[in-house]
Amino acid sequence: MEEYNAGGEGSFNPEEADVIVKECIESVVGADDYSQSQVNKWTASIVERCLTQLVKQGKPYKYIVTCAVMQKTGAGLHTANSCYWDTAMDGSSTVRWENRTMYCVVSVFAVAVA
Amino acid sequence: MEEYNAGGEGSFNSEEADVIVKECIESVVGADDYSQSQVNKWTASIVERCLTQLVKQGKPYKYIVTCAVMQKTGAGLHTANSCYWDTAMDGSSTVRWENRTMYCVVSVFAVAVA
(Lines give C-alpha, C1' and ligand atoms only; values in the text may rest on other atoms or scores of the structure.)
Protein backbone atom coordinates (compact mmCIF):
# COMPACT_ATOMS: atom_id res chain seq x y z
CA MET A 1 0.00 0.00 0.00
CA GLU A 2 1.77 3.13 -1.20
CA GLU A 3 1.22 6.53 0.34
CA TYR A 4 2.29 9.82 -1.05
CA ASN A 5 2.81 12.17 1.85
CA ALA A 6 2.62 15.84 0.90
CA GLY A 7 4.43 16.49 4.15
CA GLY A 8 2.48 19.61 4.97
CA GLU A 9 1.72 20.52 8.55
CA GLY A 10 -1.39 18.76 9.71
CA SER A 11 -1.09 15.63 7.59
CA PHE A 12 -0.34 12.20 8.99
CA ASN A 13 3.30 11.11 9.08
CA PRO A 14 3.43 7.37 8.34
CA GLU A 15 7.21 7.04 8.66
CA GLU A 16 7.09 8.31 12.22
CA ALA A 17 4.25 5.91 13.03
CA ASP A 18 6.27 3.05 11.48
CA VAL A 19 9.16 3.69 13.83
CA ILE A 20 6.88 3.82 16.86
CA VAL A 21 5.14 0.59 15.90
CA LYS A 22 8.36 -1.32 15.22
CA GLU A 23 9.74 -0.35 18.62
CA CYS A 24 6.54 -1.46 20.34
CA ILE A 25 6.51 -4.84 18.62
CA GLU A 26 10.17 -5.46 19.39
CA SER A 27 9.76 -4.57 23.03
CA VAL A 28 6.77 -6.88 23.50
CA VAL A 29 7.64 -9.99 21.44
CA GLY A 30 11.12 -9.35 20.03
CA ALA A 31 12.84 -12.21 21.81
CA ASP A 32 9.99 -14.71 22.15
CA ASP A 33 8.77 -17.78 20.31
CA TYR A 34 5.07 -18.19 19.54
CA SER A 35 3.22 -19.27 22.66
CA GLN A 36 -0.52 -19.91 22.72
CA SER A 37 -0.79 -19.02 26.39
CA GLN A 38 0.92 -15.67 25.93
CA VAL A 39 -0.35 -14.47 22.59
CA ASN A 40 -3.49 -12.75 23.85
CA LYS A 41 -1.40 -10.81 26.31
CA TRP A 42 1.03 -9.85 23.53
CA THR A 43 -1.59 -8.54 21.10
CA ALA A 44 -3.20 -6.48 23.85
CA SER A 45 0.17 -5.08 24.95
CA ILE A 46 1.21 -4.21 21.44
CA VAL A 47 -1.93 -2.23 20.59
CA GLU A 48 -1.97 -0.52 23.95
CA ARG A 49 1.67 0.47 23.78
CA CYS A 50 1.40 1.75 20.19
CA LEU A 51 -1.68 3.79 21.04
CA THR A 52 -0.02 5.37 24.08
CA GLN A 53 3.07 6.34 22.09
CA LEU A 54 0.99 7.78 19.26
CA VAL A 55 -1.22 9.83 21.55
CA LYS A 56 1.89 11.14 23.32
CA GLN A 57 2.82 12.94 20.10
CA GLY A 58 0.00 15.35 20.94
CA LYS A 59 -1.30 15.65 17.38
CA PRO A 60 -5.01 16.38 16.72
CA TYR A 61 -5.87 12.83 15.63
CA LYS A 62 -8.09 9.95 16.67
CA TYR A 63 -6.31 6.60 16.30
CA ILE A 64 -7.25 3.00 15.58
CA VAL A 65 -4.53 0.39 16.03
CA THR A 66 -5.03 -3.24 14.97
CA CYS A 67 -2.65 -6.13 15.52
CA ALA A 68 -2.71 -9.71 14.20
CA VAL A 69 -0.28 -12.37 15.39
CA MET A 70 -0.09 -15.67 13.54
CA GLN A 71 1.93 -18.78 14.19
CA LYS A 72 4.23 -19.82 11.34
CA THR A 73 2.80 -23.07 10.06
CA GLY A 74 2.57 -22.49 6.34
CA ALA A 75 -1.08 -21.45 6.44
CA GLY A 76 -2.10 -18.56 4.22
CA LEU A 77 -3.24 -15.28 5.73
CA HIS A 78 -4.50 -12.41 3.60
CA THR A 79 -5.69 -9.04 4.80
CA ALA A 80 -7.09 -5.95 3.14
CA ASN A 81 -8.41 -2.62 4.33
CA SER A 82 -10.33 0.20 2.76
CA CYS A 83 -10.92 3.68 4.14
CA TYR A 84 -13.47 6.40 3.50
CA TRP A 85 -11.99 9.61 4.87
CA ASP A 86 -10.27 12.90 4.11
CA THR A 87 -7.28 11.87 2.02
CA ALA A 88 -5.42 15.12 2.69
CA MET A 89 -5.47 14.91 6.47
CA ASP A 90 -5.97 11.26 7.37
CA GLY A 91 -3.62 8.36 6.83
CA SER A 92 -2.53 4.89 7.78
CA SER A 93 0.58 2.81 8.20
CA THR A 94 1.05 -0.97 8.27
CA VAL A 95 4.07 -2.77 9.70
CA ARG A 96 4.75 -6.43 8.92
CA TRP A 97 7.17 -8.06 11.33
CA GLU A 98 8.28 -11.64 11.78
CA ASN A 99 10.66 -13.82 13.67
CA ARG A 100 11.41 -17.53 13.47
CA THR A 101 8.03 -18.70 14.84
CA MET A 102 5.43 -16.03 14.16
CA TYR A 103 4.17 -13.16 12.02
CA CYS A 104 2.90 -9.90 13.44
CA VAL A 105 0.99 -7.33 11.37
CA VAL A 106 0.13 -4.00 12.97
CA SER A 107 -1.91 -1.27 11.27
CA VAL A 108 -2.37 2.29 12.49
CA PHE A 109 -5.20 4.44 11.15
CA ALA A 110 -5.17 8.15 12.01
CA VAL A 111 -8.27 10.29 11.50
CA ALA A 112 -7.95 14.05 11.87
CA VAL A 113 -10.09 15.80 14.44
CA ALA A 114 -11.75 18.83 12.87
CA MET B 1 -15.76 -7.13 22.43
CA GLU B 2 -18.91 -5.75 24.00
CA GLU B 3 -20.45 -2.44 23.08
CA TYR B 4 -23.17 -0.60 24.89
CA ASN B 5 -25.04 1.51 22.38
CA ALA B 6 -26.99 4.37 23.96
CA GLY B 7 -28.94 4.39 20.71
CA GLY B 8 -29.22 8.14 20.53
CA GLU B 9 -29.25 9.86 17.17
CA GLY B 10 -25.73 10.41 16.02
CA SER B 11 -24.07 7.40 17.61
CA PHE B 12 -22.76 4.46 15.65
CA ASN B 13 -25.18 1.56 15.16
CA SER B 14 -23.07 -1.59 15.33
CA GLU B 15 -25.94 -4.03 14.79
CA GLU B 16 -26.76 -2.40 11.49
CA ALA B 17 -23.10 -2.58 10.46
CA ASP B 18 -23.01 -6.27 11.44
CA VAL B 19 -25.87 -7.04 9.08
CA ILE B 20 -24.25 -5.18 6.23
CA VAL B 21 -20.91 -6.90 6.74
CA LYS B 22 -22.41 -10.41 6.95
CA GLU B 23 -24.25 -9.88 3.69
CA CYS B 24 -21.09 -8.67 1.97
CA ILE B 25 -19.03 -11.65 3.15
CA GLU B 26 -21.71 -14.13 2.11
CA SER B 27 -22.08 -12.61 -1.31
CA VAL B 28 -18.32 -12.66 -2.00
CA VAL B 29 -17.15 -15.98 -0.51
CA GLY B 30 -20.27 -17.68 0.80
CA ALA B 31 -20.13 -20.69 -1.47
CA ASP B 32 -16.38 -21.00 -2.07
CA ASP B 33 -13.53 -23.05 -0.68
CA TYR B 34 -10.24 -21.38 0.20
CA SER B 35 -8.25 -20.69 -2.94
CA GLN B 36 -4.83 -19.04 -2.90
CA SER B 37 -5.32 -17.62 -6.37
CA GLN B 38 -8.61 -15.97 -5.48
CA VAL B 39 -8.11 -14.81 -1.94
CA ASN B 40 -6.58 -11.43 -2.75
CA LYS B 41 -9.52 -10.69 -4.96
CA TRP B 42 -11.91 -11.72 -2.20
CA THR B 43 -10.43 -9.56 0.53
CA ALA B 44 -10.42 -6.56 -1.79
CA SER B 45 -14.05 -7.19 -2.83
CA ILE B 46 -15.22 -7.62 0.73
CA VAL B 47 -13.74 -4.37 2.03
CA GLU B 48 -14.87 -2.46 -1.02
CA ARG B 49 -18.40 -3.78 -0.86
CA CYS B 50 -18.73 -3.16 2.87
CA LEU B 51 -17.43 0.37 2.52
CA THR B 52 -19.85 1.17 -0.32
CA GLN B 53 -22.84 -0.13 1.65
CA LEU B 54 -21.82 1.77 4.76
CA VAL B 55 -21.30 5.05 2.93
CA LYS B 56 -24.68 4.60 1.24
CA GLN B 57 -26.32 5.01 4.64
CA GLY B 58 -25.45 8.68 4.33
CA LYS B 59 -24.39 9.13 7.95
CA PRO B 60 -21.74 11.72 8.93
CA TYR B 61 -18.93 9.20 9.46
CA LYS B 62 -15.51 8.34 8.13
CA TYR B 63 -15.02 4.57 7.86
CA ILE B 64 -12.15 2.10 8.06
CA VAL B 65 -12.90 -1.49 7.05
CA THR B 66 -10.35 -4.27 7.55
CA CYS B 67 -10.65 -7.88 6.44
CA ALA B 68 -8.49 -10.92 7.20
CA VAL B 69 -9.00 -14.29 5.47
CA MET B 70 -7.17 -17.34 6.78
CA GLN B 71 -7.07 -20.90 5.55
CA LYS B 72 -8.20 -23.49 8.10
CA THR B 73 -5.10 -25.48 8.93
CA GLY B 74 -5.10 -25.48 12.70
CA ALA B 75 -2.69 -22.54 12.95
CA GLY B 76 -3.39 -19.96 15.65
CA LEU B 77 -4.42 -16.43 14.72
CA HIS B 78 -4.94 -13.74 17.33
CA THR B 79 -5.97 -10.16 16.72
CA ALA B 80 -6.51 -7.12 18.91
CA ASN B 81 -7.40 -3.51 18.32
CA SER B 82 -7.39 -0.40 20.41
CA CYS B 83 -8.96 2.97 19.62
CA TYR B 84 -8.41 6.50 20.82
CA TRP B 85 -11.54 8.48 19.91
CA ASP B 86 -14.81 9.97 21.07
CA THR B 87 -16.55 7.10 22.83
CA ALA B 88 -19.98 8.72 22.58
CA MET B 89 -20.00 9.18 18.80
CA ASP B 90 -17.54 6.70 17.36
CA GLY B 91 -17.76 2.94 17.33
CA SER B 92 -16.69 -0.31 15.80
CA SER B 93 -18.07 -3.71 14.91
CA THR B 94 -16.29 -7.00 14.22
CA VAL B 95 -17.80 -9.96 12.38
CA ARG B 96 -16.20 -13.42 12.54
CA TRP B 97 -17.36 -15.73 9.77
CA GLU B 98 -16.25 -19.19 8.72
CA ASN B 99 -17.02 -22.00 6.39
CA ARG B 100 -15.49 -25.44 5.98
CA THR B 101 -12.14 -24.23 4.61
CA MET B 102 -11.50 -20.70 5.84
CA TYR B 103 -12.04 -18.02 8.46
CA CYS B 104 -12.93 -14.43 7.62
CA VAL B 105 -12.73 -11.59 10.16
CA VAL B 106 -14.02 -8.17 9.15
CA SER B 107 -13.84 -5.07 11.34
CA VAL B 108 -15.57 -1.75 10.74
CA PHE B 109 -14.42 1.39 12.53
CA ALA B 110 -16.63 4.48 12.26
CA VAL B 111 -15.32 7.91 13.27
CA ALA B 112 -17.76 10.81 13.47
CA VAL B 113 -17.16 13.84 11.32
CA ALA B 114 -17.54 16.97 13.41
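Trainee: Among contacts in chain B between residues at least 6 apart in sequence, what percentage join residues at least 24 apart?

Mentor: This is a predicted model, and in chain B the share is 69% of those contacts.

Trainee: What elements does chain B contain, and which pattern do they follow along the sequence?

Mentor: Chain B has two helices and four strands. Read from the start, the pattern is α-α-β-β-β-β. The radius of gyration is 15 Å, close to the 13 Å from the globule rule for 114 residues, so chain B is as compact as a globular protein of that length. The C-alpha trace spans about 40 × 30 × 20 Å along its principal axes. Of the 114 residues in chain B, 47% are buried.

Trainee: Take one helix, then. How many residues does H2(B) have, and what does it reach from its first C-alpha to its last?

Mentor: Set the reach beside the span expected at 1.5 Å a residue. Helix H2 of chain B, residues 39-56, has 18 residues and reaches 26 Å, close to the expected 26 Å.

Trainee: Which residues of H2(B) are buried?

Mentor: The buried residues are Val39(B), Trp42(B), Thr43(B), Ile46(B), Val47(B), Cys50(B), Leu51(B) and Leu54(B). They cover an arc of only 155° around the axis, which puts them on the same side of H2(B). On the other side of the helix, Lys41(B), Glu48(B) and Lys56(B) are exposed.

Trainee: What covers the buried residues of H2(B)?

Mentor: The cover includes parts of both chains. Chain A brings strand S2 (77-84), while helix H1 (14-29), strand S1 (61-71) and strand S4 (102-112) come from chain B.

Trainee: Which residue takes a positive phi just after H2(B)?

Mentor: That residue is Gly58(B), with a phi of about 75°.

Trainee: Now the strands. How many bridges join S3(B) to S4(B), and do they run parallel or antiparallel?

Mentor: A general idea to start with: in a regular strand the side chains alternate between the two faces of the sheet. In this case, eight bridges join S3(B) to S4(B), and the two strands run antiparallel. Together they form a hairpin with three residues between them. One pairing to look up is Arg96(B), whose bridge partner in S4(B) is Val105(B). S3(B) is mostly covered, with six of its eight residues buried.

Trainee: Where is Thr101(B) found, and is it buried or exposed?

Mentor: Thr101(B) sits in the loop between strand S3 (91-98) and S4 of chain B. Its relative accessible area is 17%, and the cut-off for buried is under 20%, so Thr101(B) counts as buried. A polar atom of the Thr101(B) side chain lies 2.8 Å from the backbone nitrogen of Tyr34(B). Leaving out residues up to four places away in sequence, Thr101(B) touches Asp32(B), Asp33(B), Tyr34(B), Met70(B), Gln71(B) and Lys72(B).

Trainee: For a case in chain A, what is the place of Ser107(A), and which side chain does it join in a polar contact?

Mentor: Ser107(A) is in strand S4 of chain A, residues 102-112. This serine is buried, with a relative accessible area of 7%. A polar contact of 3.0 Å joins its side chain to that of Thr94(A).

Trainee: Which residues does Ser107(A) touch, not counting residues up to four places away in sequence?

Mentor: With those left out, Ser107(A) touches Ile64(A), Val65(A), Thr66(A), Asn81(A), Ser93(A) and Thr94(A).

Terms used
Residues numbered from 1 in each chain as written. Chains lettered and ligands numbered in written order. Predicted model: local features only at pLDDT ≥ 70, side-chain atom pairs only at ≥ 80, totals over all residues. Heavy atoms only, no water. Expected span 1.5 Å × (residues − 1). Buried < 20%, exposed > 50% of the residue type's maximum accessible area, 1.4 Å probe, protein only. Arc of directions from axis to C-beta. Contact = heavy atoms within 4.5 Å. Polar contact = N/O pair within 3.5 Å; in protein donor to acceptor, adjacent residues only side chain to side chain. Pairing = 2+ DSSP bridges. Rg over C-alpha atoms; globule rule 2.2 N^0.38 Å.
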